[in-house]
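Student: Could you show me how to read contacts between charged side chains in a model like this one? I would like to begin with a single example and then look further.

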Amino acid sequence: MDPVAFLRRSGVLFVAGKGGVGKSTTTAAVAVLGARLGLRVLAVELEGRHELPRALGLQGSLEWDEQIAVQDPSGGSVVARRIRPDDALVEWLRARSLGAVVRRLRSTGALEVVSFAVPGIREVLVLGKLKAMERAGDYDLIVVDAPATGHAITLLTSPAGLAAAARGGPVRRNAEEVVELLGDPSRCRVLLVTLPRELAVDETIEAAFEVEDRAGVALSEVVINQYRTPDPALAAPLAAEEVAGIDEGVVAALEAARLFESAREHVAAAEVDRLGEALALSQLALPLLDTHRIGPEEIDVLAGHLRVAIEAMGTDA
């Protein structure tokens with residue numbers, strides 16, 4: 001599949017999964033791949049964590065104001081920012097000429113209280129900002145580093161509840177417009193990320209049905225992070241000529257290591273197969289890198305692997 005067509009299938013792409021599976025790494029890899037392909041990409045962080053900005057080579061945590069992370073010779077770019085409910089509320093009020101209300105709320109310390117006052121309002125404020133940016137068309141792709149699975153489901157399902165509960169007015173209209181965004185595959189999709197491990201696969205399968213059935217958001221693919229297919233070379237014992245002259249204790253240690261690594265790879269492959277049987281979604285594999293920290297160089301490597309995996313997919317994906 002053409003990687004540009006893949007990335008442009010929807011204007012907003014949520015990257016979601018169990019905590020610790022590599023959501024931020026995948027978000028950064030998707031964003032950088034887009035920039036390398038000449039696209040204008042906005043990478044969004046919602047929780048104030050450092051993983052995404054660090055992966056993009058930025059210092060500290062992201063804030064409301066945009067920061068340029070990548071400027072590619074192709075003309076593509078990655079801009080990164082954080083969207084907080086309180087900031088979104090301030091912008092929403094000011095857009096309705098309610099600046100005096102903003103000043104009063106800030107002076108009394110009541111701004112956060114207001115943003116918690118109505119169930120679902122915080123999620124709608126954040127998603128409403130994403131909706132506004134998607135409508136503005138300044139970016140070819142907005143890729144969102146979503147919260148861990150449970151909180152991501154809450155984020156995606158809250159707008160429908162608020163739209164049904166609100167009697168009318170701008171809050172309800174905003175919620176309804178967010179629901180329209182989430183329900184349109186040409187505007188919004190969810191890319192799931194997992195590891196080739198039993199618990200991560202279990203949660204990914206559950207999350208997939210939650211996203212589609214409860215939130216009504218179209219699923220994209222599943223990224224299998226830190227995975228490689230079993231190496232046939234590990235399946236057979238070392239040949240006699242390979243260990244000739246080597247101490248027997250060393251040979252025994254090598255054989256034990258071979259058996260362990262081969263078993264680990266086959267267990268991971270079995271989990272990937274189980275995921276494929278449970279979810280009719282294309283899988284994109286990213287390798288485990290030999291590094292303790294993910295930065296821009298590692299993200300470039302992963303973006304390259306992601307491009308190859310996308311190109312290997314069927315054109316109907």
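Tutor: Let us begin inside one helix of this predicted model: arginine 258 and glutamate 255 both belong to helix 12, which spans residues 248-278, and they are three residues apart, about one turn of the helix. Their side chains meet in a salt bridge, with 2.6 Å from N to O.

Student: Is arginine 258 buried or exposed?

Tutor: Arginine 258 counts as buried because its relative accessibility is 9% and the cut-off for buried is under 20%, whereas glutamate 255, at 22%, is partly exposed.

Student: Which parts of the chain does the salt bridge between arginine 40 and aspartate 140 link?

Tutor: In that salt bridge the closest N and O atoms are 3.1 Å apart. The pair links distant parts of the chain, since arginine 40 is in strand 2 (residues 40-45) and aspartate 140 is in the loop between helix 7 (121-136) and strand 5 (141-148), 100 residues apart. Arginine 40 is partly exposed at 34% relative accessible area, while aspartate 140 is buried at 12%.

Student: How many salt bridges are there, and which residues do shared partners join into one network?

Tutor: The count comes to 23 salt bridges, and Lys23, Glu47, Arg49, Glu51 and Asp145 are joined into one network by salt bridges that share partners.

Student: What lies over the face of tryptophan 64?

Tutor: There, arginine 81 lies over the face of the ring, at 4.5 Å from the ring centre. As for pairs of aromatic rings, the structure holds zero.

How values were computed. Residues are numbered from 1 along each chain as its sequence is written. This is a predicted model: local features need pLDDT of at least 70, side-chain atom pairs count only at pLDDT 80 or more; totals for chains, interfaces and linings use all residues. Side-chain values use heavy atoms; hydrogens and water are left out. Rings of Phe, Tyr and Trp (its six-membered ring) pair if their centres lie within 6.5 Å; planes under 30 degrees apart count as stacked, over 60 as edge-to-face and the rest as tilted. A charge sits over a ring if NZ of Lys or CZ of Arg is within 6 Å of the ring centre and within 35 degrees of the ring normal. A salt bridge is a side-chain nitrogen of Lys or Arg within 4 Å of a carboxyl oxygen of Asp or Glu. Helices (H or I, at least four residues) and strands (E, at least two) are DSSP runs, numbered from the N terminus. Buried means under 20% relative accessible area, exposed over 50%, partly exposed in between (1.4 Å probe, protein chains only).
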